[in-house]
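Me: I have a model on screen and would like to learn how to read its ligand site, its pockets and its backbone. Please take me through them in that order.

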Amino acid sequence: MSASLKVVTLLGSLRKGSFNAMVARTLPKLAPAGMGILPLPSIGDIPLYDADLQQEEGFPARIEEIAQQIHEADGVVIVTPEYNYSVPGGLKNAIDWLSRLPEQPLSGKPVLIQTSSMGAIGGARCQYHLRQILVFLDAMVMNKPEFMGGVIQSKVDQQTGEVVDQSTLDHLSGQLTAFGDYIQRVRR
Ligand SMILES: Cc1cc2nc3c(=O)[nH]c(=O)nc-3n(C[C@H](O)[C@H](O)[C@H](O)COP(=O)(O)O)c2cc1C
């Protein structure tokens, strides 16, 4: 990879012991040469989207902060669980706020999706709902390779809070390398 790439992670889980947070936390050390990966601020304290609130008080500071960091990034990795076969409400809420900004930060932005779950298929159903949402935002979502971390609780070290399963690590690093190439292609 020739140029240096700045990538940010958007985490869809709010809980302290989140397995998806463990995946996100593992990514920086798996990034290919020339790619830096940093976490975006938490989406946990963003109020529920309400057009009246937007009109009366403007956008929440946290949304402005996240949007600014997405603008400055070359790509975004969304790392999230699946809730009830779909996108967790907190993540959908953050995306709804971001989507109303005059300079919508995900428009044209390369995006990578990673889902992990305690179930066998690793949040696959969430991925397709998330892709559908991101179509409307004009995000450039990479198609393949996908990452669906099934039975993720058996692939992490809960003490260090990071992924330890070698085949999962290999899969994630291969996907990040592909994402770096994808970002370069989208930029051309
Ligand atoms: C409200 C809720 C809905 C869930 N729905 C699903 C689901 O549809 N599919 C699935 O595989 N796991 C589901 N789970 C289990 C999650 O995969 C599991 O709680 C996972 O650890 C959440 O991710 P996190 O550890 O990053 O917080 C659900 C959990 C919650 C709390």
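Me: Which side-chain atoms lie close to an oxygen atom of the ligand?

Reply: A polar contact is a pair of N or O atoms within 3.5 Å; within protein, one must be able to donate a hydrogen and the other to accept it, and residues adjacent in sequence count only if both atoms are side-chain atoms. Here an N or O atom in the side chain of Ser13 is 2.7 Å from a ligand oxygen. For Ser18 the distance is 2.6 Å, and for a polar side-chain atom of Arg15 it is 2.8 Å. The model is predicted: local features need pLDDT of at least 70, side-chain atom pairs count only at pLDDT 80 or more, and totals for chains, interfaces and linings use all residues. Residues are numbered from 1 along each chain as its sequence is written, and side-chain values use heavy atoms, with hydrogens and water left out.

Me: How many residues surround the ligand?

Reply: A residue counts if one of its heavy atoms lies within 4 Å of the molecule. The ligand has 13 such residues, and the closest are Ser13, Ser18, Glu82, Tyr85 and Ser117.

Me: Which pocket does the ligand take up?

Reply: On a 1 Å grid over the protein atoms alone, a pocket is an open set of points where a 1.4 Å probe fits, with protein on both sides within 12 Å along at least five of seven lines; lining residues have an atom within 4 Å of a point. A molecule sits in a pocket if more than half of its atoms lie within 2 Å of its grid points. The ligand takes the space of the second largest pocket. That pocket has a volume of about 190 Å³, the space filled by probe spheres set on grid points joined across faces, edges and corners. Its lining has 13 residues, and Asn20, Pro81, Tyr83, Ser116 and Ser117 are the closest to its centre.

Me: What is the volume of the largest pocket?

Reply: It is about 240 Å³. Of its 19 lining residues, Leu11, Ala21, Ala24, Pro39 and Leu40 are the closest to the centre.

Me: Which residues does a cis peptide bond join?

Reply: Most peptide bonds are trans, and most residues other than glycine have a negative phi. In this model the bond between Lys144 and Pro145 is cis, with omega about -5°. Asn84 has a positive phi, near 50°.
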